[in-house]
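Reader: Before I set up any calculation, I would like a close look at a single part of this protein, namely its covalent cross-links. Could you take me through them in one connected account?

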Amino acid sequence: MHGASTRVRVQGGACNTPLTPCSASAGQHPRVCAAWRGGGKGAAGLSGAHAKALVERPTRGYGGRKAKLTDLSGEGRPVASTQKDPTDFDEKLGTSPGVWTGGEMANPVPSACCVVLAAVVVVYAQRHSQQDSHIQYERVGADVTMKCGSMDWDAAVTWTANGTDIDDSHLNGSYLILKNVDLTQSGQYSCYEGSSWHLKYQTYLRVGTPPKEPVLMCRSNNYPKGFYCSWHLPSPTYIPNSFNISVIHGTREMVCEKDIFPKNRCHIRYLQLFSTVKYKVTLTVTNALGKNSTSLTFDEFAIVKPDPPESVVAKPVPNNPRRLEVAWQNPSSWPDPESFPLKFFLRYRPLILDQWQHVELSDGTSHTITDAYAGKEYIIQVAAKDNDIGTWSDWSVAVHATPWTEEPKHLTTEAQITETTSTSTSSFEPPPTTKICDKGAVVGSGAVAVCWTAGLVLAAYGVLFI
């Protein structure tokens, strides 16, 4: 238990057992705990004056002698006082048995104090451990009613959700009513008794949905060792789900060893190869709101599907502008490519086009593309399949390559060098050509007259010739 507490020191020893622990988990309403920590009015503990009066009250100790409780704030230790009765002195130490002197003998009063306080704490914990506390699952859209434990319907109570008080408009007597709940209303709900603020009921509300039919898939990517099955839900339920899978081969039930990661997958080892008996796999998913199931029935050969080829590399062929060399490796999960060889399917296209070109290869892990467009970047992928059974794998990771191209040659003549030099060193600019009657190029009225005279002479000559 956590929270503030009052501790007392007893003459003859220390008793550090908390008198009044305070925490929400111990059954106190948050308001009470806040008052306790703050030391204000209404705190669950004692005020400083009351505590001091309590601890300084004389108490009848062992053997009828008086023992005095000392407040924690005091730093001095009591010393042996003058004794009138010689029998009150310890024969070995010369002091009264009930007085602390730093010797080995302990006063029985603090031990009794600690035992009593410890018993109180145990009873307090047992009392609050008997409160109702559990998880309550409800469907999205449902109406939820919560009772305050064993409290009567007309009892005065306070409800909280995640530590926040709930408005009284949601109460029907001491019952909490939640209409059309949604995912945001999941959380911890607590009910406190109105007068004492003691926790009477607590539950954790989980709002969710029942599971839909799961999606199940079985595949053999390491034939002939075995196969695996994986599954998932088409939509989340927002509450915990449990999955149970069974595999039957004919009349025999087989063990499906679940993987640690991913957790929604298990492996089955083949006990008999080339069997014509079908396998049946059934998956059942269950949660607190319902359950659902699905099943698959298949032949051994139908689910064989290798993983994609690995380490695909494409590079240009020197001095061949239309060729690309492509190489790859068998998938590492395929256990025996010698006994169970794979064939491959290669596809490629330039990035500027959407149409793929395909090549199927019965053996080997390389191929040379001979019809590539010169200078165009290509995208290339490869798939694999058992030679005789099963289906094609998914495509490998795409790689990019561009065919070889010849680097352009830069030839320079002496005339080009001379012209380039003269152009870069000369700043001479030729004047613009001027026409005879260009008014913008002739300045002055005399020049304009000469221009008109010449025009008239030409016109006269033209008349004479006509």
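**The disulfides**

Author: Cys218 has a relative accessibility of 10%, and therefore counts as buried. Please bear in mind that the model is predicted, and that the cross-link of Cys218 is to be read in that light. The partner is Cys229, with the two sulfur atoms 2.1 Å apart in the disulfide, and Cys229 is likewise buried, its relative accessible area being 0%. Because Cys218 belongs to strand β14 and Cys229 to strand β15, the bond ties together parts that are 11 residues apart in sequence. The torsion about the S-S bond of this pair is 105°, a right-handed link.

Strand β14, which covers residues 215-219, also holds Arg219, and this residue takes part in a salt bridge with Asp307, at 2.4 Å from N to O. Since Asp307 sits in the loop between β21 (290-298) and β22 (310-317), that pair ties together parts 88 residues apart in sequence. Both Arg219 and Asp307 are buried. Strand β15, for its part, is followed by the loop between β15 (226-232) and β16 (242-249), where Tyr238 is placed; with Val140 and Leu183, Tyr238 forms a nonpolar surface patch of about 270 Å² accessible area together.

The count of disulfides comes to three. Another of them joins Cys148 and Cys191, whose sulfur atoms lie 1.9 Å apart, and with -100° about the S-S bond this link is left-handed. It connects distant parts of the chain, with Cys148 in the loop between β7 (144-146) and β8 (157-161) and Cys191 in strand β12 (residues 187-193), 43 residues apart. Cys148 counts as buried because its relative accessibility is 1%, and Cys191 counts as buried because its value is 0%.

There is also the disulfide of Cys256 and Cys266, with a sulfur separation of 1.7 Å; the torsion about its S-S bond is about 85°, so the link of Cys256 and Cys266 is right-handed. Here Cys256 lies in the loop between β17 (252-254) and β18 (257-258), while Cys266 lies in strand β19 (residues 265-269), and the two are 10 residues apart. Both Cys256 and Cys266 are buried.

As for the overall pattern, when the bonded cysteines of the protein are numbered in sequence order, the pairing reads 1-2, 3-4, 5-6.

Terms used:
Residues numbered from 1 in each chain as written. Predicted model: local features only at pLDDT ≥ 70, side-chain atom pairs only at ≥ 80, totals over all residues. Heavy atoms only, no water. Patch = residues over 30% accessible without salt bridge, like charges linked within 9 Å, V, L, I, M, F, W, Y side chains within 5 Å. Areas by Shrake-Rupley, 256 points an atom, 1.4 Å probe, with all protein chains shown as cover. Salt bridge = Lys/Arg side-chain N within 4 Å of Asp/Glu carboxyl O. Helix = DSSP H or I, 4+ residues; strand = E, 2+ residues; numbered from the N terminus. Buried < 20%, exposed > 50% of the residue type's maximum accessible area, 1.4 Å probe, protein only. Disulfide = S-S within 2.5 Å.
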